[in-house]
Amino acid sequence: MGRGKIEIKRIENSTNRQVTYSKRRNGIIKKAKEITVLCDAKVSLVIFSSTGKMTDYCSPSSSLIEILGRYQKSSGKKLWDAKHEYLSAELDRIKKENDNMQIELRHLKGEDLTSLQPKELIPIEKALEDGYDSVRAKQERLLEEEQKRLTYNCHQQQIEIDGVMMRHIVQNGGCGGGGINNNNHKGAAAGGRDDYPPSNNHHHHGHHHNHQMPFAFRVQPIQPNLHNTTNNK
């Protein structure tokens, strides 16, 4: 006996409905694959279950976007507005540009050069030379900036060192100046000559200018007879 005809209507039992959905979904996908192989057809299939789960199939040599685009052109129906068409075209352009850039990058790395003709190698060589010049110029600029920075730092350090040495010389020179002044005073006393300033104020002024004047000065008369005359007066 043959199978009885099944009435096509919604299956009320949720379990039976889910089982039937799974069986028939798999059968439809199987038929879509078969017609793709047997008839070289372009097939795209999208199924949504009652729970919202999506199942799709597309012929291996095609894509859903391509089939929908062909459907839109053949049927004259607008599946998306002009904005979406522009975005789709822009996406295709970017993908194509990215593919070309990947090819150029491989060529610059020295890969896939076997199939290129000599005149196709010329722009690649030119690009490599320009890249080398740019890298060299960038390197020289960085080295020059680094040299300026080091020169400036050395100059600042030299200024600090000179300042420290100057303070050290002033301090030590002030102490030595007092010693030199006292020795000059003793020498003048032994030689019978007066110092300038007068000897009675010498100790006071020498102490007062100890840290300001590192060297003491002494005035000696050129003509001793004038000196003696002055003392007699």
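The legends below describe close-up views of a predicted model.

**View 1. The hairpin of strands β1 and β2.** Strand β1, residues 44–48, runs antiparallel to β2, and five bridges join the two strands. One of the bridge partnerships links serine 44 to cysteine 58 in β2. Five residues lie between the strands of this hairpin, in which glycine 52 takes a positive phi near 95°.

**View 2. The two faces of strand β2 and a nonpolar surface patch.** In a regular strand the side chains alternate between the two faces of the sheet. In β2, Thr55 and Tyr57 make up the covered face, whereas Met54, Asp56 and Cys58 make up the uncovered one. Methionine 54 counts as partly exposed because its relative accessibility is 45%, and together with Val46, Phe48 and Leu64 this residue makes a nonpolar surface patch of about 360 Å².

**View 3. A salt bridge in helix α4, between arginine 149 and glutamate 146.** The closest N and O atoms of this pair are 2.4 Å apart. Because the two residues are three residues apart in helix α4 (residues 118–191), about one helical turn separates them. Arginine 149 is partly exposed, with a relative accessible area of 43%, and glutamate 146 also counts as partly exposed, at 34% relative accessibility.

**View 4. A salt-bridge network of Glu90, Arg93 and Glu97.** These residues are joined into one network by salt bridges that share partners. In one of these bridges the side chains of arginine 93 and glutamate 97 meet at 3.0 Å, N to O, and both residues lie in helix α3 (residues 82–108), four residues apart.

Note on methods
Residues are numbered from 1 along each chain as its sequence is written. This is a predicted model: local features need pLDDT of at least 70, side-chain atom pairs count only at pLDDT 80 or more; totals for chains, interfaces and linings use all residues. Side-chain values use heavy atoms; hydrogens and water are left out. Patches are made of residues with over 30% relative accessible area and no salt bridge: like charges are joined within 9 Å, nonpolar side chains (Val, Leu, Ile, Met, Phe, Trp, Tyr) within 5 Å. Accessible areas come from the Shrake-Rupley method with a 1.4 Å probe; for residues, only the protein chains shown count as cover. A salt bridge is a side-chain nitrogen of Lys or Arg within 4 Å of a carboxyl oxygen of Asp or Glu. Buried means under 20% relative accessible area, exposed over 50%, partly exposed in between (1.4 Å probe, protein chains only). Two strands pair if DSSP finds at least two bridges between them.
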